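Me: I would like to go through a structure by asking why its parts carry the labels they do. Could you set each value against its definition as we go?

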Amino acid sequence: ADLNRIRNFSIIAHIDHGKSTLADRLIQTTGGLAAREMSEQVLDNMDIEKERGITIKAQTVRLDYRASDGLDYVLNLMDTPGHVDFAYEVSRSLAACEGALLVVDAAQGVEAQTLANVYQSIEHDHEIVPVINKIDLPSAEPEKVKKEIEDIIGLDASNAVLASAKSGIGITEVLEAIVKRIPPPKGDATKPLKAMLVDSWYDPYLGVVILIRVIDGSIRKGQQIKFMAADSVHLVDRVGAFRPKIEQFAELGPGEVGFITAQIKEVAQARVGDTITDAKRPANEPLPGFKEVQPVVFCGLFPTDAADFEKLRDSIAKLRLNDASFSFEMETSAALGFGFRCGFLGLLHLEIIQERLSREYDLDLITTAPSVVYHIAMRDGSTRELHNPADMPDPSSILQIDEPWIEATIYVPDEYLGSILKLCQDRRGIQKNLTYVGGRAQVVYELPLNEVVFDFYDRLKSISRGYASFDYHQIGHREGDLVKMSIMVNSEAVDALSMIVHRSQAEARGRHMCERMKDLIPRHLFKIPIQAAIGGKVIARETIAALRKDVTAKCYGGDATRKRKLLEKQKEGKKRMRQYGNVDIPQEAFIAALRMG
Ligand code: GTP
């Protein structure tokens with residue numbers, strides 16, 4: 001195709017401002033899908049995504065459009081994942097475009113959270129076309145919103161497109177603006193193939209499907225291609241695009257966006273950001289920006305019912321087929337039995353996987369407290385990475401522990417600012433900046449990730465009644481005074497409850513955990529001490545009083561059959577109990593303790 005007839009763009013929008021509705025309209029207007037097929041939203045095609053209102057896997061559509069100049073154009077709409085955990089994937093999708101539509105709700109105006117995405121788009125040198133959506137609403141104030149776009153974002157909004165994705169107003173104007181204002185891609189068809197791997201996913205019929213943006217050269221069926229970072233060679237067996245239905249082509253040329261398949265079995269082999277080139281006539285250099293994605297948050301996943309272990313193993317393996325960014329290995333815990341230690345890109349990623357396991361695979365799971373990745377320098381000069389508090393080396397052998405830090409940008413209405421600042425301060429945060437954007441405070445804090453994985457997000461939401469939101473990125477590891485805190489029941493450590501905490505937080509966390517376990521463990525015939533300890537030193541303590549003798553006498557009295565039944569019932573209960581220093585802890589107690597964070 002002629003480069004001048006191609007436009008590659010993405011849509012930036014705050015949640016609920018109408019991104020999906022507009023995308024559907026663009027598809028419908030350009031004839032991609034019959035109207036009766038419109039009942040289902042096309043882009044958000046996974047249940048969980050729909051419910052959460054976010055797009056997990058990027059999907060891209062190719063639209064054919066005859067513009068008012070009488071010429072035919074190919075418009076590629078790149079869908080981008082909408083959450084901070086997937087920031088790297090977003091950056092690769094943006095790198096594959098030349099422009100973006102900035103959709104702003106005509107009644108709501110510019111939301112501070114949109115800014116981060118706009119700035120990212122500007123960083124990629126995108127041409128940004130403001131689209132003021134929902135002008136059909138009686139409360140729409142397009143002129144006010146235009147001014148906000150200029151004052152807050154600093155974009156010229158004089159020729160913003162006024163639209164209603166819902167009633168179909170302004171859709172042609174949006175398409176014309178894409179053609180006229182977003183520049184065509186550049187590329188050289190005669191150079192060796194260079195294409196960026198934008199995304200990949202597993203399809204049960206096609207195997208691994210790879211979404212690409214061709215930069216130079218072309219890619220065709222039957223070609224031997226090389227993935228430069230993965231250093232692997234594959235044979236292309238399909239080339240095509242989504243309209244949104246799959247269509248196959250002979251080849252994709254420079255500037256084009258589409259998919260290939262190459263008999264690849266696992267998405268792990270097709271890494272986002274990798275450069276695809278011709279195996280026989282390779283490019284000299286890969287494209288810039290490739291990054292190896294590493295899990296940053298780890299936790300243990302255990303089946304509530306031990307009999308489900310094999311099912312959990314199979315389900316995790318299946319999920320992993322489609323998501324190379326999470327990792328897993330087997331883990332055993334005295335408290336929770338057999339399970340897996342899993343790594344995720346962030347907390348939301350963790351939640352998504354956990355939810356898919358329970359919903360799609362019908363598994364009831366126990367999740368241990370999330371942990372971050374610590375770098376440990378040992379006295380003997382060696383270094384190690386720690387993903388699991390259980391693997392913490394003896395403190396006397398440790399020289400230094402470094403923990404990951406993030407820079408978090410929090411957007412919050414003024415009235416909740418004070419409580420949010422206190423929360424960040426309590427979590428060892430360092431304030432970097434505080435500004436006002438469109439009537440909201442924007443606070444920038446450096447925070448240890450360790451403090452964020454521990455219910456930070458929930459606290460943020462509850463303090464601000466759901467109005468605060470945050471974005472973050474990692475800024476590297478820093479030394480911290482970190483210790484492993486164990487919880488001991490009747491003098492025996494309970495592995496599933498141990499955690500790595502900052503020394504300054506240990507006592508408060510320990511006390512909290514002891515109080516909670518005290519309420520969760522039933523009384524026994526003897527007194528049970530519950531302690532939180534660092535090394536050998538107890539920092540918090542609670543005691544569960546003993547049951548009184550006469551109570552038990554009454555319990556076990558009565559006739560023989562009743563007694564036997566009672567014993568049988570107890571035996572049944574036993575299965576779900578774990579013993580710690582003679583103490584039976586019902587499994588529910590662990591679940592409750594862990595669920596409460
Ligand atoms: P997420 O997928 O959650 O990020 O939201 P989104 O930005 O994709 O918004 P979506 O398209 O799902 O629209 C959000 C809500 O706004 C839906 O209830 C739409 O029906 C409604 N909506 C979208 N466009 C318009 C419009 O032009 N006018 C009116 N009145 N409502 C609209």
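**Strands, sheets and a ligand**

Reply: Let us start with one pair of residues: Glu329 stands opposite Arg341 in E19. The model is a predicted one, in which local features need pLDDT of at least 70 and side-chain atom pairs pLDDT 80 or more, whereas totals for chains, interfaces and linings use all residues. Residues are numbered from 1 along each chain as its sequence is written, and side-chain values use heavy atoms, with hydrogens and water left out.

Me: Why are strand E18 and strand E19 said to pair, and in which sense?

Reply: Two strands (DSSP runs of E, at least two residues, numbered from the N terminus) pair if DSSP finds at least two bridges between them. Strand E18 (residues 327-333) and strand E19 (residues 337-344) have seven bridges, so they pair, and the sense is antiparallel. Three residues lie between E18 and E19, and together these strands form a hairpin.

Me: What makes strand E2 and strand E6 edge strands?

Reply: The order of the open sheet of six strands is E2-E3-E1-E4-E5-E6, and its pairing is mixed. Strand E2 (60-66) and strand E6 (161-162) each pair on one side only, which is what makes them edge strands. Further inside that order, strand E1 (residues 6-13) pairs with strand E4 (residues 99-105) in the parallel sense over five bridges, and Ile12 stands opposite Leu102 in E4.

Me: How do you know which strands helix H6 touches, and what is its direction relative to E5?

Reply: Contact means heavy atoms within 4.5 Å, and by that test helix H6 (residues 171-181; a helix is a DSSP run of H or I, at least four residues) touches E1, E2, strand E3 (72-78), E4, E5 and E6 as it packs on the sheet. Angles run from 0 to 180 degrees between N-to-C directions of axes fitted to C-alpha atoms, for helices over the stretch in contact; the direction of H6 makes about 170° with that of E5. Helix H5 (residues 142-153) lies across E4, strand E5 (127-133) and E6, at about 150° to E5.

Me: Why does the pair formed by Thr21 and the ligand count as a polar contact?

Reply: A polar contact is a pair of N or O atoms within 3.5 Å. A polar side-chain atom of Thr21 is 2.5 Å from a ligand oxygen atom, so the pair qualifies. The side chain of Lys134 has an N or O atom 3.0 Å from an oxygen atom of the ligand, and Asp136 places a polar side-chain atom 2.7 Å from a ligand nitrogen atom. The protein covers 78% of the 640 Å² of accessible area that the ligand has on its own (Shrake-Rupley method, 1.4 Å probe).

Me: What makes a residue part of the surroundings of the ligand, and which come nearest?

Reply: A residue is near if one of its heavy atoms lies within 4 Å. Of the 17 residues around the ligand, Lys19, Ser20, Thr21, Asp136 and Ala165 come nearest. Helix H1 (residues 19-29) gives the largest share of this shell, three residues.

Technical notes
A polar contact is a pair of N or O atoms within 3.5 Å; within protein, one must be able to donate a hydrogen and the other to accept it, and residues adjacent in sequence count only if both atoms are side-chain atoms.
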